[in-house]
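Morning, everyone. Please bring up the sequence and the model on your screens, and we will walk through them together.

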Amino acid sequence: MAKRTGHKATSAKRPSAATVVPAQPRTPAPPRPPIAARLLDHPGFTPELLAVAAVNSLGPAAGSWARQTRASYPTASTHGLARLITTRFVRLAGVSGAASAAAGLLAPVAELAALSWTQAGLVLHLAAAYGLDPTDPERAVDLLVLTQVHPDDRSARSALDAALAAGPDGDDSGLHRVAEAGWRLAAPLAAQAGGWLVLRLAARLLPGAAMLAAAAGDSAAAQRLAARAIARYSQSNQLRGSEA
């Protein structure tokens, strides 16, 4: 007689009311697009976005320079470091201006780009010389005020906040906003713009005249910027000293 095999009925387990369902992970907020992409989306904020890019790109090198220089020359004064970096960047501005003048019809654009980047490096190195963090976002406010893109800290900070908060469908891409941004960005060269035609004509008679004039003009502009930055950061040091 065949042995009957018994099968135990197994009932499927049902989740009880007390079963805890694990929470779904939150979707992370989308990262902010890089500065280059934001420039394409919001050309009306070009000066502000370039100031942020300069702080991000040049700030770490400025901080490293200040630390290394203080370690090598522990007795050097703050004003001594400021004079050292001013001399270096005034010379660099002259060399960059002379090189840009050789760009032919694109010389004004090339000079504007070279001068803007050199001036940003000068301001950030001076900030580091006076004990300020050159990577602090507040340095972007310094750049916009010292290069006279904005008249004061309040308007510069407001414009920076608007530039960084602007969404993908901003209203700053109109032709008038782009033209306004270009004019504000070109402020350092405004005083020299009227002389470009004269320089082009003079270069035909005297080779190298345009390069010499550009070198002298950009060096002088860097010297004036350094004086404004030193005055600003000296005052900042005095205020911090009085609060300590």
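Tyr130 and Tyr233 are both buried. Keep in mind that this is a predicted model. Let's take Tyr130 to begin with. Its relative accessible area is 4%. The cut-off for buried is under 20%, so Tyr130 counts as buried. Where does Tyr130 sit? Tyr130 lies in the loop between H4 and H5.

What does Tyr130 touch? Leave out residues up to four places away in sequence, and the list reads Arg70, Thr78, His79, Ala82, Ile230, Tyr233, Ser234, Asn237 and Arg240. Ala66 is worth a look too. Tyr130 and Ala66 are 64 residues apart along the chain, and their C-alpha atoms are separated by 9.1 Å.

Now back to the two tyrosines. How many aromatic pairs does a search of the whole structure find? One. That pair is Tyr130 with Tyr233, with ring centres 6.4 Å apart and planes at 40°. Two values describe such a pair: the distance of the centres and the angle of the planes. Is this pair stacked, edge-to-face or tilted? Stacked needs planes under 30 degrees apart, and edge-to-face needs over 60. The angle here is 40°, so the pair is tilted.

Which parts of the chain does the pair link? Distant ones. Tyr130 is in the loop between helix H4 (107-129) and H5, and Tyr233 is in helix H10, residues 209-243. The two are 103 residues apart.

Next, helix H5. H5 covers residues 138-146. How many of the nine residues of H5 are buried? Eight, so H5 is largely enclosed by the rest of the structure. They are Arg139, Ala140, Val141, Asp142, Leu143, Leu144, Val145 and Leu146.

Pick out Arg139 from that set. Arg139 has 8% relative accessibility, and it counts as buried. Not counting residues up to four places away in sequence, Arg139 touches Val55, Leu124, Ala127, Leu132, Asp133, Pro134 and Tyr233. So Tyr233 appears again: it is touched by Arg139, and it is also touched by Tyr130.

Leu143 is another residue of H5 to find on screen. Its C-alpha atom is separated by 9.6 Å from that of Pro47, and the two are 96 residues apart along the chain. Pro47 belongs to helix H2. Is Pro47 buried or exposed? Buried, with a relative accessible area of 3%.

Step just past the end of H5. There Gln148 takes a positive phi of about 65°. Why stop at this residue? Most residues other than glycine have a negative phi. Gln148 is not a glycine, yet its phi is positive. Gln148 sits in the loop between helix H5 and helix H6 (153-165). Buried or exposed? Gln148 has 53% relative accessibility, and the cut-off for exposed is over 50%, so Gln148 counts as exposed.

Now to helix H2, residues 46-72. How do H2 and H6 meet? Their axes come within 9 Å and cross at roughly 85°. That makes H2 roughly perpendicular to H6. Which residues make the contact? From H2 we have Glu48, Leu49 and Val52, and from H6 we have Ala159, Leu160, Ala163 and Leu164. Sort these residues by type, and you get six nonpolar, no polar and one charged.

While we are on spacing in a helix, here is one point to remember. An α-helix has 3.6 residues a turn, so residues three or four places apart point the same way.

One more residue in H2: Ala61. Ala61 is partly exposed, with a relative accessible area of 47%. Ala61 and Leu124 are 63 residues apart in sequence, and 9.1 Å apart in space, C-alpha to C-alpha.

Last, the whole chain. How many helices and strands does the chain have? There are 10 helices and zero strands. Read along the sequence, the pattern is α-α-α-α-α-α-α-α-α-α. The chain has 244 residues, and buried residues make up 39% of them. The chain exposes about 15100 Å², with carbon and sulfur atoms supplying 62% of it.

And the contacts? Take those between residues at least 6 apart in sequence: 77% join residues at least 24 apart. The tyrosine pair links distant parts of the chain too, at 103 residues apart. That is where I will stop.

Note on methods:
Residues are numbered from 1 along each chain as its sequence is written. This is a predicted model: local features need pLDDT of at least 70, side-chain atom pairs count only at pLDDT 80 or more; totals for chains, interfaces and linings use all residues. Side-chain values use heavy atoms; hydrogens and water are left out. Helices (H or I, at least four residues) and strands (E, at least two) are DSSP runs, numbered from the N terminus. Buried means under 20% relative accessible area, exposed over 50%, partly exposed in between (1.4 Å probe, protein chains only). Axes are lines fitted to C-alpha atoms, for helices over the stretch in contact, and angles run from 0 to 180 degrees between N-to-C directions. Angles under 35 degrees count as roughly parallel, over 145 as roughly antiparallel, 65 to 115 as roughly perpendicular and the rest as oblique. Contact means heavy atoms within 4.5 Å. Ala, Val, Leu, Ile, Met, Phe, Trp, Tyr, Cys and Pro count as nonpolar, Asp, Glu, Lys and Arg as charged, and the others, Gly among them, as polar. Rings of Phe, Tyr and Trp (its six-membered ring) pair if their centres lie within 6.5 Å; planes under 30 degrees apart count as stacked, over 60 as edge-to-face and the rest as tilted. Accessible areas come from the Shrake-Rupley method with a 1.4 Å probe; for residues, only the protein chains shown count as cover.
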